[in-house]
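Visitor: I am new to this structure and should like to understand the terms used to describe it. Kindly take me through the reasoning behind each of them.

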Amino acid sequence: MRQLRLLALVLIGLLLCGCLPSPFKSEEKLRIVATTGMIADLARSLGGEQVEVISLMGPGVDPHLYRPTARDIARLNDADLILFNGLHLEGRMASIFENLPEKSFAVGAAVPSDQLLIAEEDEFDPHIWHSPDVWAKTIQPLADRLARERPDSKDLFHTRANQIEGEFLSLTAELRSEIDKIPPDHRILVTAHDAFAYFGRTFGLEVHAIQGINTTAEAGAKAMTDLADLIAERKIKAIFVETSVSPATIEALQRAVRARGHEVVVGGELYSDALGAAGTPEGTVAGMIRHNVRTLTEALK
Ligand SMILES: [Zn+2]
């Protein structure tokens, strides 16, 4: 961490002397750095032409394990506003946000605590983007924050916020009717790490995972055995890999279930903690959730 601070100081010096080009293209737009693609997507939808957004973590990147690079530190220093998830999602970046409190905004802190889920060790579960209803709670507070930075565009930000909020709320209704195609006793979602608790609550699925909410801990042997027993006993048809987590634990689980005499398939790849590629439908939060619902409905129905 001391090395990181030293690196930050050196980079601030280089930026102040004009020795490094700015990572942002625009001089006039509000310069935003978002940690995850999910937050960048929201910032772009709300900010439109008034903002320039850089996302630090691209497709397939695990935010729990992410360490900022020297390039990231330069981007964070140059930003007008830093948007992060919080709720301990970006575990290895916390001190950076603490050191830049004036321009850091945690979208997770905007969600009323009675809508947050508590995970292990009494920590809040950070995976709020998987529930359109919960994610929608971050929209108005973020619009307020953008308006604070750019008061002239206040009305524009709030008009967009109302529209995006409406879209997320109708997404829940649309996708619940998809989930209805799965027989009730098949509505069980098994993944590598426990990213889908909000998703499960919103769409009515029972959720199980090999690892907890954080990918930093080793998968326990007991969790693996218990889950293999459960899948074999309840004859679950499919389990799922995640784009930002190694498929190794899910493949090991599949072998353990097979050893119990039940054939479970890998039902596809879900976007858990990172969006798909920019420019594809899965490159947005709404597209990510749609993909996940479609993938698991196909495999479990
Ligand atoms: Zn996660």
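Guide: What follows is a short series of questions and answers on a predicted model.

Visitor: What makes the protein chain as compact as a globular protein of its length?

Guide: The globule rule gives 19 Å for 301 residues, and the radius of gyration of the protein chain is 20 Å, close to that value, so the chain is as compact as a globular protein of that length. The chain holds 11 helices and eight strands, and its C-alpha trace spans about 65 × 45 × 35 Å along the principal axes.

Visitor: How many of the residues are buried?

Guide: Buried residues are 42% of the 301; each of these has 20 or more other C-beta atoms within 10 Å of its own.

Visitor: Which residues have the most contacts inside the largest nonpolar core?

Guide: They are I32, A43, L46 and L83, in a core of 77 residues. Domain 1 (2-171) and domain 2 (181-300) each supply at least three residues to this core. Apart from neighbours within four places in sequence, A43 is in contact with I32, A34, V51, V53 and L83; a contact here requires C-beta atoms within 7 Å.

Visitor: How do you know what span to expect of helix 7?

Guide: The expected span is 1.5 Å times one less than the number of residues. Helix 7 (residues 154-179) has 26 residues and reaches 38 Å from first C-alpha to last, close to the expected 38 Å.

Visitor: Against which helices do the buried residues of helix 7 pack?

Guide: F157, A161, I164, F168, L171 and L175 are buried in helix 7. The partners of its buried residues are helix 2 (37-47), helix 5 (132-136), helix 6 (139-149), helix 8 (197-203) and helix 11 (285-300).

Definitions and conventions:
Residues are numbered from 1 along each chain as its sequence is written. This is a predicted model: local features need pLDDT of at least 70, side-chain atom pairs count only at pLDDT 80 or more; totals for chains, interfaces and linings use all residues. A nonpolar core is a set of buried Ala, Val, Leu, Ile, Met, Phe, Trp, Tyr and Cys residues joined through C-beta atoms within 7 Å. A residue is buried if 20 or more other C-beta atoms lie within 10 Å of its own, exposed if 12 or fewer, and partly exposed in between; C-beta atoms are placed from the backbone. Domain bounds come from an automatic or database domain assignment. Two residues are in contact if their C-beta atoms, placed from the backbone, lie within 7 Å. Helices (H or I, at least four residues) and strands (E, at least two) are DSSP runs, numbered from the N terminus. The radius of gyration is taken over C-alpha atoms; the globule rule is 2.2 Å times the number of residues to the power 0.38.
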